[in-house]
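This report describes one protein chain for a reader who is beginning the study of structure. The sequence and the three-dimensional view are shown first, and the description follows.

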Amino acid sequence: MMSILWSLIGFVVMMGVIVTVHEWGHFQVARWFNIKVTRFSIGFGKAVFQRRRGETDYQIGAIPLGGYVKFVDEREGDVTPEDLPRAFNRQSVYKRIAVVSAGPLINLLLALLVFWVMFLSGPVEVRALIHSAPQSSPLQQALNLQGQDLSASPLWQISEANGQEIQGWKSLHQALLKALVAQQATMQIKIQPYDPVSGMSDRGISLSLPLSMLDLDKANQGWFALLGLKPAAISMPAVVGKVLPDGPAGLAGVEAGDRILAFNDLAVNDWQAFVEQIQKHPGEEISLRVESAGVEQVYKVLLDSVNGSDGKLHGRIGLGVEVTEEAMQPYVQRRDYGAVGALNEAWNYSLSMIEMSLGMLQRLIFGDIGLSHLSGPISIAQYSGEAIQSGWISFLSLLGLLSLSVGILNLLPIPVLDGGHLLYYLIEIVKGSPLSENAMQLGQMIGLFVILSLTFVALFNDVIRISHG
């Protein structure tokens with residue numbers, strides 16, 4: 001129930017900001033040109049809030065799935081003689097282009113600003129550390145070609161991918177996704193020895209990993225695992241940070257802050273060793289010795305059984321490790337860019353996301369990838385709820401990406417969208433006169449059919465995702 005509530009809150013806040021900024025772009029440019037605006041609405045349907053200021057009604061609609069700005073326009077009703085010079089349809093084509101394009105362009109500007117704040121705050125990522133290369137994996141084969149192995153160092157950090165500096169696993173995933181969208185046959189990576197005390201070595205190994213076995217249509221395929229890029233286990237003290245109340249350990253009485261001392265009389269040295277033991281005993285009753293507030297206690301815990309990614313049953317206890325800043329410090333990477341450096345990173349990141357979005361769109365149109373990649377309002381709500389609970393950096397990241405997506409989507413030359421109107425105006429410039437009402441109405445009908453069809457597919461995808469957990 002709480003997750004649904006957070007999803008609703010996240011969706012309303014996220015889309016409220018994006019839609020408000022979008023419509024404000026149209027509204028503000030119209031006012032600069034002295035075009036009369038009669039209504040500024042966030043949301044559709046019946047107004048749940050309304051206030052008139054000057055000549056404009058400001059309202060919030062009951063359906064939070066968009067918004068609109070209404071201008072005085074002879075095509076939509078009678079206009080008083082004194083308002084005719086301020087009617088939208090009587091403006092020059094260039095003014096109309098400026099008003100219509102302002103919405104999506106300010107969404108792109110909002111994304112740039114959000115990304116700038118993110119990079120200015122000094123983003124933190126978990127280092128992309130690996131320990132070994134699984135036999136017969138693409139990583140091991142690439143090492144064999146170079147005559148190299150990973151025995152020279154306990155840990156190796158992936159520091160570059162396709163010439164791009166890699167901060168951590170998130171950056172590496174984005175680089176891999178970009179390579180797949182661009183249909184690259186290989187990805188070039190550089191790995192360097194890493195020591196938690198002394199840091200990363202200057203020497204490194206450059207490798208070429210084939211991407212032919214990865215499928216862009218299968219986001220849950222486990223791309224890193226298929227390439228042999230298995231994250232190295234981080235050595236963390238076996239201290240409980242989170243307890244699922246209805247999980248096996250929670251029902252047995254284990255509490256947050258307890259230190260795991262032994263599992264079936266086997267001493268537990270760190271959290272990873274504890275997890276490995278848990279996974280080996282699905283559905284079994286185990287003995288757990290813990291230290292709680294300086295007192296040792298023994299619990300009998302009946303483990304759950306869950307299906308692992310390897311197709312086998314694994315034990316589950318319902319506990320999460322306590323993650324402290326001190327323990328994580330050697331394994332995370334923070335980059336301080338400064339104001340100018342952060343703006344440069346935000347600009348490059350925005351361009352990269354736009355390029356990747358257009359690449360995905362192109363492949364969708366030509367059928368190279370399936371429509372399963374489309375996400376609807378339900379998925380957006382879920383992501384928004386998770387982001388708003390995860391912290392302001394996660395919230396800003398999703399806000400920037402959604403604003404960027406809305407900006408790009410609205411610039412597409414589809415009637416009904418801003419890009420469709422811009423297409424009409426470009427035709428008007430070339431033709432020397434506006435399109436006929438019949439032509440524009442036909443375009444609107446086609447555009448509406450396309451948008452409704454894509455919306456239906458996106459909602460269908462949302463339902464499928466939910467039904468499959």
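How much area does the chain expose, and what share of it do carbon and sulfur atoms supply? The chain exposes about 25,500 Å², and carbon and sulfur atoms supply 59% of that area. The model is a predicted one, and the values below are computed from it.

**The chain as a whole**

The secondary structure consists of 13 helices and 18 strands. Along its principal axes, the C-alpha trace spans about 90 × 50 × 40 Å. The chain has 469 residues, of which 41% are buried. Of the contacts between residues at least 6 apart in sequence, 64% join residues at least 24 apart.

**Helix α9 and helix α10**

Helix α9 covers residues 338–365. At 1.5 Å a residue, its 28 residues should span 40 Å, and the end C-alpha atoms are 40 Å apart, so the expected and modelled values agree. The buried residues of α9 include A342, A346, Y349, M353, M356 and L364. Among the elements that cover the buried residues of α9 are α2, α4 and α11. Just after α9, G367 takes a positive phi of about 75°.

Helix α10 covers residues 377–390, and its 14 residues should span 20 Å at 1.5 Å a residue; the end C-alpha atoms are 20 Å apart, which agrees. Its buried residues are S379, I380, A381, S384, G385 and A387. G391, just after α10, takes a positive phi of about 125°.

**Aromatic pairs**

A pair of aromatic rings is described by the distance of the centres and the angle of the planes. The count of aromatic pairs in the model is 10. One of them joins F115 and Y349, edge-to-face, with 4.8 Å from centre to centre and 90° between the planes. This pair links distant parts of the chain, as F115 is in helix α2 and Y349 is in helix α9, 234 residues apart. Both F115 and Y349 are buried.

Y349 also forms an edge-to-face pair with F119, at 5.9 Å centre to centre and 75° between the planes. Here too the pair links helix α2 with helix α9, and the two residues are 230 residues apart. F119 is buried, as is Y349. Together, F115, F119, Y337 and Y349 form one aromatic cluster.

**Salt bridges**

Side chains of opposite charge can pair when their charged atoms come close. The count of salt bridges is 10, and the table gives examples.

| Salt bridge | Closest N to O distance |
|---|---|
| E55 and R86 | 2.6 Å |
| D73 and R75 | 2.7 Å |
| R316 and D304 | 2.7 Å |

R316 lies in strand β16 and D304 in strand β15, so this pair ties together parts that are 12 residues apart in sequence. The pair of E55 and R86 links distant parts of the chain, with E55 in the loop between β1 and β2 and R86 in the loop between β2 and α2, 31 residues apart.

Is R86 buried or exposed? R86 counts as buried because its relative accessibility is 18%, and buried means under 20%. Its partner E55 is partly exposed, with a relative accessible area of 29%. D73 is buried at 6%, whereas R75 is partly exposed at 45%.

**A nonpolar patch on the surface**

L5, I9, V13 and V17 make a nonpolar surface patch of about 270 Å². L5 is placed in helix α1, residues 2–32, and is partly exposed, with a relative accessible area of 41%.

Note on methods
Residues are numbered from 1 along each chain as its sequence is written. This is a predicted model: local features need pLDDT of at least 70, side-chain atom pairs count only at pLDDT 80 or more; totals for chains, interfaces and linings use all residues. Side-chain values use heavy atoms; hydrogens and water are left out. Patches are made of residues with over 30% relative accessible area and no salt bridge: like charges are joined within 9 Å, nonpolar side chains (Val, Leu, Ile, Met, Phe, Trp, Tyr) within 5 Å. Accessible areas come from the Shrake-Rupley method with a 1.4 Å probe; for residues, only the protein chains shown count as cover. A salt bridge is a side-chain nitrogen of Lys or Arg within 4 Å of a carboxyl oxygen of Asp or Glu. Helices (H or I, at least four residues) and strands (E, at least two) are DSSP runs, numbered from the N terminus. Buried means under 20% relative accessible area, exposed over 50%, partly exposed in between (1.4 Å probe, protein chains only). Rings of Phe, Tyr and Trp (its six-membered ring) pair if their centres lie within 6.5 Å; planes under 30 degrees apart count as stacked, over 60 as edge-to-face and the rest as tilted. The expected span of a helix is 1.5 Å times one less than its number of residues. Contact means heavy atoms within 4.5 Å.
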